[in-house]
Amino acid sequence: MGGKRFGILLCANDSDYVKKKYGGYYGVFVEMLAEEGETWDVYRVANGELPSDDVIGLYDGFVITGSCNDAYGNDIWICNLLNLLQKLVAMKKQLLGICFGHQILGRALGGKIGRATTGWDIGVTKIHLSPSSKLFSSLNMPDFLSVIECHRDEVWELPPKAEVVAWSENTGVEMFKYSDHVLGIQGHPEYTRDILLHLVDRLQRCDFILESYADKVKSRVDASEPDRDAWKKLCTSFLKRKL
């Protein structure tokens with residue numbers, strides 16, 4: 001698959017820890033998705049960087065990352081990102097949205113996003129894959145996959161013509177697919193447990209979560225393992241049209 005070109009639409013600012021240990025979230029995604037001969041560029045969307053109209057045609061696909069912001073917000077950069085995503089959907093570019101990226105894709109396509117009624121979902125969650133989806137059957141995926149989650153927003157209402165392809169006890173839309181070129185994943189297939197534990201500490205320090213909840217998450221994370229290899233296979237296969 002050499003010669004392909006992909007863009008990472010980075011919607012979060014890197015913490016010093018992730019920057020130092022992983023080369024930022026760009027490095028985390030490249031580690032999971034990149035293969036020899038490909039070009040991977042990063043656009044720091046939350047800082048106002050977007051690929052211009054004259055270069056987006058050069059890309060085979062884009063990954064839209066997680067963020068601390070709400071996908072239903074109307075910050076200037078979020079509105080600009082929505083416009084870009086609608087262009088990319090019309091061009092049938094492969095689009096893979098992760099967490100905030102999943103939600104903002106849902107919004108760009110006409111779905112509704114909001115605060116999860118169940119509150120924060122942080123930890124390693126087992127999600128149920130739809131047995132009827134060709135997405136999974138072609139890759140011989142199991143009925144369930146464990147993924148790292150860290151979110152308090154969710155897709156409330158699916159975009160028209162989109163289908164739910166995975167769900168969990170807490171979240172009705174863990175994954176959705178739109179046509180053959182848009183896939184949203186609420187969880188974080190790119191995260192390691194180390195990244196999650198670091199993020200839990202940051203959320204606690206910023207008073208987003210209570211210390212008691214942080215301790216509970218940490219104890220549960222130590223006892224479970226995300227299916228990172230299966231997620232890598234799924235994400236790369238979708239992004240690179242190998243299905």
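The following exchange examines how the descriptions of this predicted model are justified.

Colleague: What makes a side-chain pair or a local feature admissible in this model?

Modeller: The model is predicted, so local features need pLDDT of at least 70 and side-chain atom pairs count only at pLDDT 80 or more, whereas totals for chains, interfaces and linings use all residues. Residues are numbered from 1 along each chain as its sequence is written, and side-chain values use heavy atoms, with hydrogens and water left out.

Colleague: How many helices and strands are in the chain, and what makes a stretch a helix or a strand?

Modeller: Helices (H or I, at least four residues) and strands (E, at least two) are DSSP runs, numbered from the N terminus. The chain has 8 helices and 11 strands.

Colleague: Why does the radius of gyration of the chain agree with that of a compact globule?

Modeller: The radius is taken over C-alpha atoms, and the globule rule is 2.2 Å times the number of residues to the power 0.38. For 243 residues a compact globule would have a radius near 18 Å, and the chain has 17 Å, which agrees. The C-alpha trace spans about 50 × 40 × 35 Å along its principal axes.

Colleague: What feature does UniProt place at residues 58–192?

Modeller: An unreviewed UniProt entry places "domain: Glutamine amidotransferase" there. UniProt positions are given in the numbering used here, feature names are shortened, and annotations may be inferred rather than shown by experiment. Over residues 58–192 the chain is 21% helix and 36% strand.

Colleague: In what order do the strands of the open sheet stand, and why are strand 2 and strand 7 placed at its edges?

Modeller: Two strands pair if DSSP finds at least two bridges between them. The 9 strands of the sheet follow the order 2-1-3-4-11-10-9-6-7, with mixed pairing. Strand 2 (39–44) and strand 7 (144–151) each have a single partner strand, so one side of each is left without a neighbour in the sheet. From one strand to the next, the twist averages 25°.

Colleague: How do you know that strand 4 and strand 11 pair?

Modeller: Strand 4 (residues 94–98) and strand 11 (residues 182–185) share 4 bridges in the parallel sense, against a requirement of at least two. Ile 98 stands opposite Ile 185 in strand 11.

Colleague: Why is strand 7 described as largely enclosed?

Modeller: Buried means under 20% relative accessible area, exposed over 50%, and partly exposed in between (1.4 Å probe, protein chains only). In strand 7, 7 of the 8 residues are buried, so the strand is largely enclosed by the rest of the structure. Its pairing with strand 6 (residues 121–129) is antiparallel, over 8 bridges; there Ile 127 stands opposite Leu 145.

Colleague: What makes helix 4 mostly covered, and which strands does helix 4 lie across?

Modeller: Of the 9 residues of helix 4, 8 are buried, including Phe 100, His 102 and Leu 105. Helix 4 (residues 100–108) lies across strand 3, strand 4, strand 10 (175–178) and strand 11, at about 125° to strand 4. Such angles run from 0 to 180 degrees between N-to-C directions, with axes fitted to C-alpha atoms, for helices over the stretch in contact.

Colleague: Why is Thr 171 called buried or exposed, and which residues does Thr 171 touch?

Modeller: At 2% relative accessibility, Thr 171 counts as buried. Thr 171 is in the loop between strand 9 (162–167) and strand 10. Contact means heavy atoms within 4.5 Å; not counting residues up to four places away in sequence, Thr 171 touches Asp 121, His 151, Glu 154 and Gln 186.

Colleague: Is Asn 140 buried or exposed, and why?

Modeller: With a relative accessible area of 70%, Asn 140 is exposed. Asn 140 lies in the loop between helix 5 (134–137) and strand 7 and has a positive phi of about 55° although it is not a glycine.

Colleague: Which residues of strand 10 point one way, and which the other way?

Modeller: In a regular strand the side chains alternate between the two faces of the sheet. In strand 10, Met 175 and Lys 177 point one way and Phe 176 and Tyr 178 the other way, and all are buried. Strand 10 pairs in the antiparallel sense with strand 9 over 4 bridges. Strand 10 and strand 11 form a hairpin with 3 residues between them, and Ser 179 in the turn has a positive phi of about 55°.
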